[in-house]
Amino acid sequence: MCGIVGYVGEKKAQDFLISGLKRLEYRGYDSAGIVTIDEDKNATLVRAKGKIKNLEEKLAKEKRDDKIGIGHTRWATHGEPSERNAHPHQSGSIYLVHNGIIENYKELKQELGKYEFKSETDSEVLAALIDSFYQDGKYPLTNAVVQALKLVKGTYGIAVVSALNPDEIVVARSGSPLIVGVGHNETLVASDASAIVGHTKHAIYLNDGEVATIKKNSIEIKTLNAEPVSAKVEEIETNLAAIQKGGYEHFLLKEIMEQPESLTETLRGRVRTEEGIVHLGGPGLTEAELRKIKHLIIVGCGTAYHAGLLASYYIEQFTPEITVETVIASEYRYRQAYIPEDAVALIVSQSGETADTLACLREIKKQGIKTIGIVNVIGSTIAREVDGGTYVHVGPEISVASTKAFTSQVIAMVMFGLTIAQAKGVKKSVLRPYVLEIAEMPEEIKKVLGNVKDEVEKIAKKYAKYEHAIYLGRDTAYPTAMEGALKLKEISYVDANAYAFGELKHGPLALVDDRFFEVAFLPEGALYEKAVSNVQEVLARGGHVLAVTNVEEFDLPVENVVKITTSIEIFAPVLMNLVSQLLAYYMTVAKGYNVDQPRNLAKSVTVE
Ligand code: M6R
């Protein structure tokens, strides 16, 4: 969603701010702006609606050598996307950029009677509130920020500068991430590490309730209650190559194609094929604690939810003694669900910042239930708040549509399930096939991607004329169908929905006509024949079926078939999902839409 950058040092702040904002573009935004301040206390504020190139065009007439500044990409919450609503917001000498939502902004606005507001945003109210405490520099900027934040209800990551002190930035967070990059004679601020990668390898991840006063050679952190915090400087693991397209036209295709490597990273050091076991250190549960688990609750949104659902089908197969329930975070946070004591919750999130998922985590922790994170972004809020966790280590996922994270989330959760099963003494002969297939997955993914890519591209061109699609599957192929439909709808804007094959006759079969095409996932296995009968029912009604299968002698008279040739059986649906990813990608390219930044969406959904 919104992105923050900040710079204080010896270089031109405008250059860093623009390059940082470009790196945050993937998060989704509708306007952008920066402010820089020169040594004579003159501020240059430039904002623009739309893409960063619009901001750059305006900046061409406002080039400055200023050594301090802050910038922002905005994803509208309060007020339409427009220049006036774009950040930074100014009040007196104060300039502020803000991620999050100030819930009590209307009350605060009333109390700030003397101020005239130029935007419809909650953020401008916070700028005015800070200004009211700052009193044109009568009090230190940090004190003014702290006083203001004490009155605020809601979530925020903020960076504030004053034209009157052109050597410091004050940043603070509560529920919205902020990172301070520690450089040589310069200090950087970003809401996401990708903005500072390549400038420094060292960063401090602020915690909720902390405020930092940042100068080019110093960082002083305190809590809102003025207690000093001794900050831990951590190493940023990401490198520049990981956030560049590396020769691909789009990040999405790059991320689809790099799944052999990203899954290898997920598995590194965790799979012992000779012994037929997996070993996960991160969750930090003892054998006795693992043995006690009777219920698993898996919490996530969107793709993370689908990954959890798919993993739950697998975990149930080999751990008969536990129940697994996968829930949508935005629903679960308001349910009055009883969680038994012998439960563990898996909190699944690529970004580690999703507001609903984070709210569930906090709620579940309050109930005394152990929480385990299945997270990608290192140092993210969820990763830091869970009791234990397993990073999926897929590297930065830039495209809004989640692909490589899904594959690794599924496998990481299955590995957690295997860890429980091992502790509970499930026979090795039951678990070994899972472990061996997991170890083979990266190589098999590589094979499948190589074999089907061009074929799926051709099929996608044919199907690009459709505006409606139905994805169908049974058992483990059902969550696969759900994820496939989400991928297609979010980037190609095709109205795609998924159904369990068995549900067809209960309603969706009525949809089948020439406006729709159907994607049928047909993995070999006990339910294959039943699924085939369902496909026959669709065909009998004139359906335009694209079948995805690993059955060699597949001979149904469907319009198109993508055959997956692989030694993998159990996890064949995970491989079939690669076809969905490629289909969504190529259909979107054929339709001419923005692949990596679909309209209305943001990469990391940090507001409810
Ligand atoms: O960062 P998270 O995994 O918590 O994000 C959850 C969803 O917002 C995310 O998976 C979303 O559905 C993607 N756009 C799907 O491709």
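## Charged pairs and two threonines

At 28% relative accessibility, Glu 289 counts as partly exposed, and in this predicted model its side chain meets that of Lys 370 in a salt bridge with an N to O distance of 3.4 Å. The pair links distant parts of the chain, since Glu 289 belongs to helix α8 (residues 287-292) and Lys 370 to strand β20 (residues 370-375), 81 residues apart. Lys 370 is likewise partly exposed, at 32% relative accessibility.

The count of salt bridges comes to 32, and three of them are set out below.

| Salt bridge | N to O distance | Relative accessibility |
|---|---|---|
| Glu 289 – Lys 370 | 3.4 Å | Glu 289 28%, Lys 370 32% |
| Glu 220 – Lys 222 | 3.5 Å | Glu 220 44%, Lys 222 34% |
| Glu 457 – Lys 461 | 3.7 Å | Glu 457 25%, Lys 461 55% |

Because Glu 457 and Lys 461 are four residues apart in helix α14 (residues 428-463), about one helical turn separates them. Salt bridges also link Arg 173, Asp 208, Arg 362 and Glu 385 in a network.

A negative surface patch is formed by Glu 524, Glu 552, Glu 553, Asp 555 and Glu 569; of these, Glu 553 lies in the loop between β25 (545-549) and β26 (560-563) and is exposed, with a relative accessible area of 60%.

Two threonines, by contrast, are buried: Thr 476 has a relative accessible area of 6%, and Thr 223 one of 18%. Thr 476 sits in the loop between β22 (468-473) and α15 (477-492), where its contacts beyond four places in sequence are Leu 310, Tyr 313, Tyr 314, Gln 317 and Pro 573. Thr 223 is part of strand β13 (residues 218-223) and, with residues up to four places away again left aside, touches Gly 209, Glu 210 and Val 229.

Note on methods:
Residues numbered from 1 in each chain as written. Predicted model: local features only at pLDDT ≥ 70, side-chain atom pairs only at ≥ 80, totals over all residues. Heavy atoms only, no water. Patch = residues over 30% accessible without salt bridge, like charges linked within 9 Å, V, L, I, M, F, W, Y side chains within 5 Å. Areas by Shrake-Rupley, 256 points an atom, 1.4 Å probe, with all protein chains shown as cover. Salt bridge = Lys/Arg side-chain N within 4 Å of Asp/Glu carboxyl O. Lys, Arg positive; Asp, Glu negative; His and termini not counted. Charge placed at Lys NZ, Arg CZ, Asp CG, Glu CD. Helix = DSSP H or I, 4+ residues; strand = E, 2+ residues; numbered from the N terminus. Buried < 20%, exposed > 50% of the residue type's maximum accessible area, 1.4 Å probe, protein only. Contact = heavy atoms within 4.5 Å.
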